[in-house]
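Hi,

Here is the structure I promised to pass on to you. Have a look at it first, and then read on for what turned up.

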Amino acid sequence: YNNELQRAEKMEIISDLAASVAHEVRNPLQVTRGFLQLAAEKLDQKEKGYMNMAIEELDRASNIITDFLTFAKPQLEHITSLNICQELKQIEGILVPLANLQGGEITLEVPEDLYIEGNSSKFKQAFINIIKNSIEALDGQGQIQIWAYKQKTEVWIHIRDNGEGMETKELSKLGEPYFSTKTKGTGLGLMVTFRIIEVMHGRLEFKSEKGVGTEAIVRFPSIPG
Ligand code: ADP
Ligand code: MG
């Protein structure tokens with residue numbers, strides 16, 4: 001019992017430390033990004049290309065840090081009632097350009113009166129991770145369907161893509177830290193997503209078939225609007 005307590009205290013110290021380092025490192029990255037953008041205005045086309053690559057890599061670093069930060073400190077700070085339709089529409093707005101770049105399309109069918117309890121930015125982080133994976137799995141003629149409904153005391157949200165799909169073995173590894181099949185992947189996205197959904201008292205399940213596509217199903221306790 002004593003050992004358990006010490007272990008918990010140590011974990012707490014480590015996660016506090018991770019969170020503060022992550023937080024401190026993210027700020028200078030954001031500042032650097034701003035100056036690079038300013039500097040890029042005066043450059044020629046080829047140099048602008050290099051600058052964009054630098055900015056993309058900075059964003060990648062920033063996203064990795066955000067994922068780590070969330071894993072170290074998944075506790076929700078501002079808990080409010082979330083309107084699922086509004087949240088998903090905002091996420092769609094952020095991801096449509098990325099989907100179009102991959103030749104993919106996103107459709108959203110969500111009634112306006114679904115509510116759950118949670119933190120809006122964590123909710124977005126979790127769903128952006130899921131939908132980004134769908135976008136990255138697409139290969140021409142891509143379709144991502146998002147729909148939601150109330151089922152008894154729960155809100156169910158489905159995200160289905162017709163991307164490359166997964167073998168059973170890959171499917172069972174989802175959410176494991178560092179499991180990634182991508183050259184530039186971190187394997188942190190779904191680990192964090194599972195964690196966020198868990199602290200919001202939800203459940204996340206995946207179904208997938210190689211060559212056919214993947215479907216994520218998320219359930220949360222429903223609350224009155
Ligand atoms: P990353 O995206 O950095 O690789 P994730 O944790 O987000 O890490 O995903 C882990 C792995 O799960 C991916 O590399 C991919 O192999 C697989 N995966 C996740 N979502 C999908 C999907 N919608 N379609 C196909 N494979 C997926
Ligand atoms: Mg990912």
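One definition before we start: helices and strands here are DSSP runs, a helix being H or I over at least four residues and a strand E over at least two, numbered from the N terminus. With that in hand, you can find His-201 just after α6, where this residue takes a positive phi of about 60°. Please keep in mind that this is a predicted model.

Let's stay with α6 for a moment. Its buried residues are Gly-189, Leu-190, Met-191, Val-192, Thr-193, Ile-196 and Ile-197. What do they pack against? The buried residues of α6 have α2 (45-72), α4, β6 and β7 as their packing partners.

Now to the ligand. There are 22 residues around ligand 1, and those that come nearest are Asn-133, Ala-137, Ser-180, Gly-185 and Gly-189. Two elements, α4 (120-137) and α6 (189-199), each give two or more residues to this shell. The most comes from α4, with 4 residues. If you are curious about the chemistry, the shell around ligand 1 divides into 12 polar, 6 nonpolar and 4 charged residues.

Next, the sheet. It is open and built from 5 strands with mixed pairing, in the order β2-β4-β5-β7-β6. At the edges are β2 (104-109) and β6 (203-209), each of which pairs on one side only. On average, neighbouring strands are turned by 15° against each other, direction ignored. Within the sheet, β5 (residues 154-161) and β7 (residues 213-221) run antiparallel and are joined by 8 bridges. Here you will see Ile-157 opposite Val-218 in β7.

Two helices lie across strands of this sheet. Helix α3 (residues 84-101) lies across β2, β4 (142-151) and β5, at about 170° to β2. Helix α4 lies across β2, β4, β5 and β7, and runs at about 20° to β5.

How do α3 and α4 meet? Their axes come within 10 Å and cross at roughly 35°, and the crossing is right-handed. On the α3 side the contact includes Ile-91, Ile-94, Leu-95 and Leu-98, while α4 brings, among others, Phe-123, Phe-127, Ile-128 and Ile-131. By class, the residues of this contact are 10 nonpolar, 2 polar and 3 charged.

So α4 is a good helix to start from when you open the model: it gives the most residues to the shell around ligand 1, and it also lies across β2, β4, β5 and β7.

Best wishes

Technical notes: Residues are numbered from 1 along each chain as its sequence is written. Chains are lettered from A and ligands numbered from 1 in the order in which they are written. This is a predicted model: local features need pLDDT of at least 70, side-chain atom pairs count only at pLDDT 80 or more; totals for chains, interfaces and linings use all residues. A residue is near a molecule or strand if its C-beta atom, placed from the backbone, lies within 6 Å of it. Ala, Val, Leu, Ile, Met, Phe, Trp, Tyr, Cys and Pro count as nonpolar, Asp, Glu, Lys and Arg as charged, and the others, Gly among them, as polar. Two strands pair if DSSP finds at least two bridges between them. Axes are lines fitted to C-alpha atoms, for helices over the stretch in contact, and angles run from 0 to 180 degrees between N-to-C directions. Two residues are in contact if their C-beta atoms, placed from the backbone, lie within 7 Å. A crossing is left-handed if the near helix is turned anticlockwise from the far one by less than a right angle, and right-handed if clockwise. A residue is buried if 20 or more other C-beta atoms lie within 10 Å of its own, exposed if 12 or fewer, and partly exposed in between; C-beta atoms are placed from the backbone.
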